[in-house]
Every structure is written in structure tokens, then in C-alpha cells.
Amino acid sequence: MANLITIKKGLDIPLQGMATSETKEDINTDVFAINPDDFPGYTWKAAVKAGDEVKSGSPLLYAKECEEIKLTSPVSGKVVEIHRGERRKIEYVSVRREGEEKVSGFEKSDSLILNLYKSGLFAMMRQRPYDIVPDFNAKPRDIFVTAFDTAPLAPALLDSQNSKYLESGLKALASLTEGKVYLSVATGSGITSSVAEVFEFKGPHPAGNVGTQIANIKPVNKGETVWTLDAVTACRIGKFVETGELDYSTVVALTGPCIDNPHMVSTTIGANLATLLENEIKCEGGKVRVISGNVLTGWRVSKDDGFLRYPYRQITVIEEGDQTDEFMGWASLSPKKYSVSRTFPAFLRGLSKPFKFDARIKGGHRAMIMSGEYDKVFPFDIYPEYLIKAILAKNIEKMEERGIYEVAPEDFALPEFVDTSKLELQKIVREGLDYLRKETM
């Protein structure tokens, strides 16, 4: 029987545009890209050049620190571009699908971990502390797998088609640690495992965040390392182990108030967004913001030349709101305005009803207000305000005392949403983790 954990601190943001279960097949996308910024912790170098022919599973990039660790092509075809930004930093490598699908083979005689390196599956996992692609030198104390997502408008992670490889994936992961594999599921999901220790979670977001699950199951202490991944990646690993095939397919939820008919799309990771969003956006009167991911932690991308970013399962489109003209502005008593603190009368109609959010900050940057507002949505046994202050001061001793080894930027997404000071908390935490890693490793 699964262990039950109830999360009481948190917040479910009632955003309009939940995708229906209807799934359409993507038949138009022919260009796909991998972005190295989605895989922090390593310096990525190009393994190909423009015009090279590649197979599905062929390396596009490799890690400078360990050349066996690769980022691989999701399709077979021809490399279109190695797009570089400032200081020739690689922003993405794009591939145009051409001809019949050709698949790169992997040596069965190689170890599991080596094949995970070469296939790109290793880079789809994360390590705590630091929230990076796992250090190839570090051995995980435990491995945590999350099988549900509670972020705004997030789709279900598992269905009957991909879940059949979950147990094989968990078994493979168990061979990579001397500790345990923990599987976190939503209460009532019915998901079980004979390999992993299963925990059921119920409660508001961030109950589906792996950081919340680790904090409530077995927190990370200084000197310890754990690996994390979602159940979709675990299923990809299971299929790779069982069949030798790399599965780059994904089902993406097109969500948000600016999607005409929110639904699911069956496509391939790294897909071009221009084709996925063709004739789907209905807010043409004003500017829209396209987010690869959810509104709290996703990447802002271009709807014309952007690509589906890791973890490749959601696109959210909302209005920018910069052309909005509201009567009385912030002083309005409109029931269409949302407020966590009940500043507006919308709570009288029930905050569970969807709201049409836009991208406006609705406030100005100011000094941190020690009001305890972070604590209401932060289900960790640490003091988030004090941790943020220690990071800003670059005080490593205080950062360690206040729990920085337990957290990742996504854990501060809700505090950032409710923050009256409008601080970029996720950016602050990311910079703090990078600084700590640089100074201590």
C-alpha cells in the first residue's frame, strides 16, 4: 500500500485554457531543435556542422567535461543550423527531417550508464543539489521519479501507451543506485510498482514538484546527491532497455486563454512551434506571449521561429497585456481580477473558476517585504526569505544553513508569483546555485 502525504501549503492558479483529452496528430513539422540551455551543468560542444546528415539518436552536442555524454537528434535528416548567440554560445542545433527514418544503433555490450550517456537519456535527468544534469562522478544516494504534474494547465504525464515501460525503467534506475527509487503519484492514480517505493501525494501545487516530494520523503543534506526525473523519462529509459529503441515522441498540451481550442498534439521533442501553433492562436488583436512549458517555470519563446523546449510536454499562450486599458486600473473592483490576498471581490465567485491572466507584473520592484507570504505557498521546512537574503549576500555558510541544497529554481515559482516585491526569485536561486557550485566544487 502506498504511503500518503498531504501537502497543505501551496496554490492552484486558476488559469483559463485547460486542454481537452482530444489528441491531434502533428503531420506538418519538419524542423526540430535541441537547446543546450535546457541541460545545465555542462559545457556543450557541437558534434556536427550545418549540412551534415544525421540519424535519429545521432549526437548533435557533447559535454566538454565528459565526451561520452551526448544530446542526440530526435529525427533523421540534415542539420540545418548551429545557431550561436553572444560569444558564439550555441543557442540551438536544428535538424530538418528528410527521407526515411534512420535510427542510430547502440552497443548492447556497453553498460547501462554508458548507453544512457550516449543516447541523451542521461541528460534528461537532474541532480540535487544544484538542479543540473547529474555529475558523472557522483553516485546518487536515491533516485526520485514523479508521475504527476500540478503546474497550471499541466497535462497528465502517463497514459496506457507509455506507462507499460514504467516498471522496466524503474528497474533500470534501481541498478544505478545503492539506495532506493521513490515513485511519487497523485492520490487515486492506481499506479503501483514492485521495484520502487510508492508515495501518494494530494494537495495543491507544488505537490507535483519533485523538490516538494523529496522534502517530504527524504530531504537532501550537505554531501549527499540524489537524481530526479519524471515518469515520462523513466518510460523512455524502460523502452530503451527493453527494445533498444529511443522514443522521441511526445504528447504536448496546447493550453492557455489565447489558444482557440486547447487540446493535445502528438509530435516529436524539439518540434518547431510555428507549425504546432498554426491557426491555433485566437488573440490576434494584441500581442501574445508564447511559453514552452507552464506559466510559472516555462521558457518564453518566439511563436514564429521558436522550438519546443525540455521537458517537451506543454505550450501555454497568454496575452502580453501591454495594450490593456482598464477603468481605474489597480483600484478597480472588477470581479475579473484575481488576487491571492483577496484584494479584489473575485473570491466571492470562487477562486476555482478560471481567470484570464496576462503577462503583466502589476506592480513595481521594491525592497523585500518580510511578510511571510512565501511561507504560505512553500511546503519546505526552511525559511525562504532568509535563504533568498543569504543568496543575494553570497554568504555560502548562511546559504547552506538555510537549505540551499534542497531547492531548485522551480520551487520558488509560486513565491515569485505571490511576491509583492516582484523579485525574480527563480533567477536569484539559479544564480545562487551556480555560485555555490563554482565556489565549492
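Here is a walk through this predicted model, stop by stop, with something to select at each one.

**Whole chain**

Start zoomed out, with everything shown as cartoon. You should be able to pick out nine helices and 19 strands. Switch to the C-alpha trace and turn it along its principal axes: the span is about 65 × 50 × 50 Å. How does the radius of gyration fit a compact globule? For 441 residues such a globule would come out near 22 Å, and the protein has 22 Å, so the two agree.

Now colour by burial. Buried residues account for 54% of the 441 in the chain. If you draw a contact map, take the contacts between residues at least 6 apart in sequence: 68% of them join residues at least 24 apart. Put the surface on next. Its accessible area is about 20900 Å², and carbon and sulfur atoms own 47% of that.

For charges, select the Lys, Arg, Asp and Glu side chains. There are 56 positive and 62 negative ones, and the centres of these two sets sit 3 Å apart.

**Cysteines**

Select Cys66 and then Cys235. Cys66 has a relative accessible area of 12%, so it is buried. Cys235 has 4% and is therefore buried as well. Don't go looking for a disulfide, though: the count is zero.

**Helix 3**

Select residues 210-217, which is helix 3. Why call this helix largely enclosed? Because seven of its eight residues are buried, the rest of the structure closes around most of it. The buried ones are Val210, Gly211, Thr212, Gln213, Ile214, Ala215 and Ile217. To see the cover, show strand 1 (3-6), strand 10, strand 11, strand 12, strand 13 (197-202) and strand 14, which are included in what lies over those buried residues.

**Helix 2 and its neighbours**

Next, residues 166-174, helix 2. Show side chains for Leu166, Ser168, Gly169, Leu170, Ala172 and Leu173, which are buried. What do they pack against? Add helix 1 (112-119), strand 11 (142-146), strand 12 (181-186), strand 14 (226-230) and helix 4 (231-243), and you have the packing partners.

While helix 4 is on screen, pick Val232, which is found in it. With a relative accessibility of 17%, below the 20% cut-off, Val232 counts as buried. Then draw a C-alpha to C-alpha distance from Val232 to Asp159: the pair is 73 residues apart in sequence and 9.7 Å apart in space.

**Backbone oddities in the loops**

Four loop residues deserve a click, starting with two prolines.

- Go to Pro129, in the loop between strand 10 (126-128) and strand 11. The peptide bond leading from Arg128 into Pro129 is cis, with omega near 10 degrees.
- Jump to Pro311, in the loop between strand 18 (299-301) and strand 19 (314-319). Here the bond from Tyr310 to Pro311 is cis, again with omega near 10 degrees.

Then check phi at two non-glycine residues.

- Arg87 is in the loop between strand 8 (77-84) and strand 9 (90-97). Its phi is positive, near 55 degrees. Is Arg87 buried or exposed? Its relative accessibility is 87%, so Arg87 counts as exposed.
- Leu153 is in the loop between strand 11 and helix 2. Phi is positive here too, near 65 degrees. Leu153 has 6% relative accessibility and so counts as buried.

**Last stop: Arg289**

Finish with strand 17, residues 288-292, where Arg289 lies. Its relative accessibility of 21% is just what puts Arg289 in the partly exposed class, because buried means under 20% and exposed means over 50%. Which residues does Arg289 touch, leaving out those up to four places away in sequence? Show Arg300, Thr316, Val317, Ile318, Glu320 and Ala359 to see them. Of these, Arg300 is worth a distance label: Arg289 and Arg300 are eleven residues apart along the chain, and their C-alpha atoms are separated by 7.1 Å.

Definitions and conventions. Residues numbered from 1 in each chain as written. Predicted model: local features only at pLDDT ≥ 70, side-chain atom pairs only at ≥ 80, totals over all residues. Heavy atoms only, no water. Rg over C-alpha atoms; globule rule 2.2 N^0.38 Å. Buried < 20%, exposed > 50% of the residue type's maximum accessible area, 1.4 Å probe, protein only. Contact = heavy atoms within 4.5 Å. Areas by Shrake-Rupley, 256 points an atom, 1.4 Å probe, with all protein chains shown as cover. Lys, Arg positive; Asp, Glu negative; His and termini not counted. Charge placed at Lys NZ, Arg CZ, Asp CG, Glu CD. Disulfide = S-S within 2.5 Å.
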